[in-house]
Amino acid sequence: MSVLSQFVWSVADTLRGPYQEAEYGSVILPFTVLRRLECVMEPHREVMAEIISQYPGDQQRRTYLKLKTRTPDNAGLNFWTTSKYTLEKALQDPNNLAANLIDYVSGFSSNLDVFKSFDFENVLRTLDARDRLSPVVKHFQTIDLSPETVSNADMGDLFENLIYRFAESANDGAGQFYTPRDVVRLLVDLVYAEDTEALRDRGQVRSIYDPTVGTGGMLTVADEHLHDLNSSASTALFGQEINPRTYAICKADLLIKGQDPTNVRQGDTLVVDRFKDRKFDYVLSNPPFGTDWKAVVSEVTDEHERGGQGRFAPGLPGIGDAAMLFLLHVASKMRDVDENGSGGRAGIVLNGSPLFTGGAESGPSKIRGHMLEKDLVEAIVALPNDMFYNTGIPTYLWILSNAKPSEREGTVQLIDATGLGSKLPKSIGSKRVEISDDARTKIVQAFASREASDISKIFENRDFAYWTITVERPLRLRFQCTAARIADVADHKTLGKIPDLVEALSSFGEQVYLNREDFLHDLGKHLRECQVTLTVAQRKALWQTIGEHDDDADICRYTSGPHKGEIEPDPALRDTENIPFGWGGHPKTHDAAQETIAAYFEAEVKPHVPDAWVDKTKTGYEIPFTRHFYRYTPPRPLEEIDADLNRVVGEIMEMLREVEA
């Protein structure tokens, strides 16, 4: 595949000069699509011409063309061109080459509208004006992209490799368009793992959907793997894509496979779900890593606030990372559970942030809580670092199901595959590691067996739930108008501007107050004597500036408001504690909160701070993946370290002697 990709991309040598490097893709991608379509149509041109002449209507042409071109390995063509041209024929009239090619592309059936997304007519005219059209067409006319030579899977690899090269040359985040095939194959195997036997039955029909479809690579792998399991199976492939070029490639690719082209739709998945009324047997997605959702904040927030069955009703993540919005979308698109207890399954590639970002009752925590309490998370697999083309950060595969088998109900399986990567002979961008076939088999077997091992652990859903309690301690303040405290008041941005306040405080002398009310009582007298008037806010700022914590001081209490008479907490001593569900053997239920928290407080807090109390309780969820697979590595012996240091010092001294000599 790399040889083919290099040959296709070598047309860049022809473009160099009149075209900037970042513009190469705008020429190479549509010509690659056109040449693939031409090679697919080539054996059927006579049949196509016959059907076009006999049947004027699109529906009739589509029906008869499919019937006449169907083979045991191919569903038949459902697109055509009314043009007589091919690349070879267009070249035979060099003076009208651009017009001939425009006629060629314009003759395609209405369901093949992808060249509009490439703005291909303008591409052709620009190439012609820059005297590069003829050599480019000659180059592509020699490439054999027939299905017999280049399979659908290889064609998908070619498209994605070209997209990668194009984005890389444009410095445009290449990796966001290109999911490595080893990752896709592992994800597909895991999603199919529970259904493998059922998929082998005759008459199977499955729908597969990718909401961030790109060029359709995940759909291609999923489709081919399903047909490897069952050659008689029928699949319906669906996708949504925001980028017009990758959308066009995906649509053309699915057309060639005999899929319904209306099943690929353009648009931002987070703004509008183009398949709002549909759910699917399988959902696969690799959303872009670390992408913010600032541009769609209004639409996403509106959908969240509508609540109900909206995709984002459970919660919103931080605006800097949209990963969990895609997670919610993917979960919402799984087919509903039927009368036989069968539902939908999904797999999504995510970075590490959805596992743990956000404290109790934050948006991310609420989303995790929704996924766990609804029992939607079947497994999470940690991949090796350096698996992707544009990032070396930790990445994870989330496997979801809304109809878990009984033995998996109420549990989540964590699989640590970080040590199963194989180093590539040559890195591609940031990708230095791959998952080999043997490693993929080991991961899938660990998932399917559901047995605990050094790479696999099983947890109850509520092992990831906790309560966060706010522990308060009473405010105890000591007041003394020392020179340092008076200087703090003078430097205060508000208090320092009040006339005669410093003089009023200086009149206190060295008197110490261990009771706030006593201090405030005397403060009033001193202020009146100096004719200083303070607002309520200024008075509070003053005692906060002068007061300092003292364990021997009296407890401060609220003197007004709804909490009048209650102990006032000290913000500086405020602390939080996380208490796992089930702590101390208590039930892992929400109903056990009060009992569990009270027991924890008496055992873990009260002995150390007897005057503390619990003020607030929040429920949170996090999945501390790395903590569960932490392996202690003892430090090297001191003798070994000393030996290394002595060796390095010796080498340095030898180098110095050589320099001096």
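Reader: Lys and Arg count as positive here and Asp and Glu as negative, while His and the chain ends are not counted. With that settled, how far apart are the mean positions of the positive and negative charges of the protein chain?

Author: This is a predicted model, and in it the mean positions of the 73 positive and 100 negative charges of the protein chain are 4 Å apart.

Reader: And what about the overall build, how many helices and strands are there?

Author: The protein chain holds 27 helices and 17 strands. Its radius of gyration is 34 Å, well over the 26 Å that the globule rule gives for 661 residues, so the chain is more spread out than a compact globule. The C-alpha trace spans about 110 × 70 × 65 Å along its principal axes.

Reader: What share of the residues counts as buried, and how much area does the chain expose?

Author: Of the 661 residues, 49% count as buried. The exposed area is about 31600 Å², and carbon and sulfur atoms supply 48% of it. As for contacts between residues at least 6 apart in sequence, 75% of them join residues at least 24 apart.

Reader: Let's move to the strands. Which residues of β4 are buried, and on which sides?

Author: Strand β4, residues 282-285, is covered on both faces, with Tyr 282 and Leu 284 buried on one side and Val 283 and Ser 285 buried on the other. That arrangement can be read against a general pattern, in which the side chains of a regular strand alternate between the two faces of the sheet.

Reader: Which strands pair with β4, and is the pairing parallel or antiparallel?

Author: Strand β1, residues 205-210, pairs with β4 in the parallel sense over two bridges, and Ile 208 stands opposite Tyr 282 of β4. Strand β5, residues 345-351, also pairs with β4 in the parallel sense, over four bridges, and there Val 283 has Ala 346 of β5 as its bridge partner.

Reader: I also noticed a small sheet further along. What is the strand order with β13 in it?

Author: That one is an open sheet of three strands in the order β14-β13-β15, with antiparallel pairing. Its edge strands are β14 (512-513) and β15, each of which pairs on one side only. Two bridges join β13 to β14, and Phe 479 has Tyr 513 in β14 as its bridge partner.

Reader: Helix α24 comes just before β15, so to speak. Which of the α24 residues are buried, and what do they pack against?

Author: In helix α24, residues 536-546, the buried residues are Gln 538, Ala 541, Leu 542, Trp 543, Thr 545 and Ile 546. They pack against β13 (477-480) and β15 (548-549), and also against the helices α21 (483-491), α22 (501-506) and α23 (516-529). For reading such a list, it helps that an α-helix has 3.6 residues a turn, so residues three or four places apart point the same way.

Reader: Changing topic, which residues other than glycine have a positive phi?

Author: Two can be named here. Gln 531, which lies in the loop between α23 and α24, has a positive phi of about 55° although it is not a glycine. Asp 131, in the loop between α9 (120-129) and α10 (133-141), has a phi near 60°. For background, most residues other than glycine have a negative phi.

Reader: Are those two buried or exposed?

Author: Asp 131 is exposed, with a relative accessible area of 61%, and Gln 531 is exposed as well, at 73%. The cut-off for that label is over 50%.

Reader: Then which loop residues are buried, and what do they touch?

Author: One of them is Asn 230, in the loop between α14 (217-229) and β2 (234-241), which counts as buried at 6% relative accessibility. Leaving aside neighbours within four places in sequence, Asn 230 is in contact with Leu 199, Arg 200, Asp 201, Arg 202 and Gln 204. Thr 86, in the loop between α5 (58-69) and α6 (87-91), counts as buried at 16% relative accessibility, and, not counting residues up to four places away in sequence, Thr 86 touches Glu 38, Arg 45 and Tyr 104.

Reader: Last one: where is Glu 299 found, and why does it count as partly exposed?

Author: Glu 299 is found in helix α16, residues 297-306. Glu 299 counts as partly exposed because its relative accessibility is 36%, and that label covers values between the buried limit of 20% and the exposed limit of 50%. Glu 299 and Val 272 are 27 residues apart in sequence, and their C-alpha atoms are 8.6 Å apart in space.

Methods: Residues numbered from 1 in each chain as written. Predicted model: local features only at pLDDT ≥ 70, side-chain atom pairs only at ≥ 80, totals over all residues. Heavy atoms only, no water. Buried < 20%, exposed > 50% of the residue type's maximum accessible area, 1.4 Å probe, protein only. Contact = heavy atoms within 4.5 Å. Rg over C-alpha atoms; globule rule 2.2 N^0.38 Å. Areas by Shrake-Rupley, 256 points an atom, 1.4 Å probe, with all protein chains shown as cover. Charge placed at Lys NZ, Arg CZ, Asp CG, Glu CD. Pairing = 2+ DSSP bridges.
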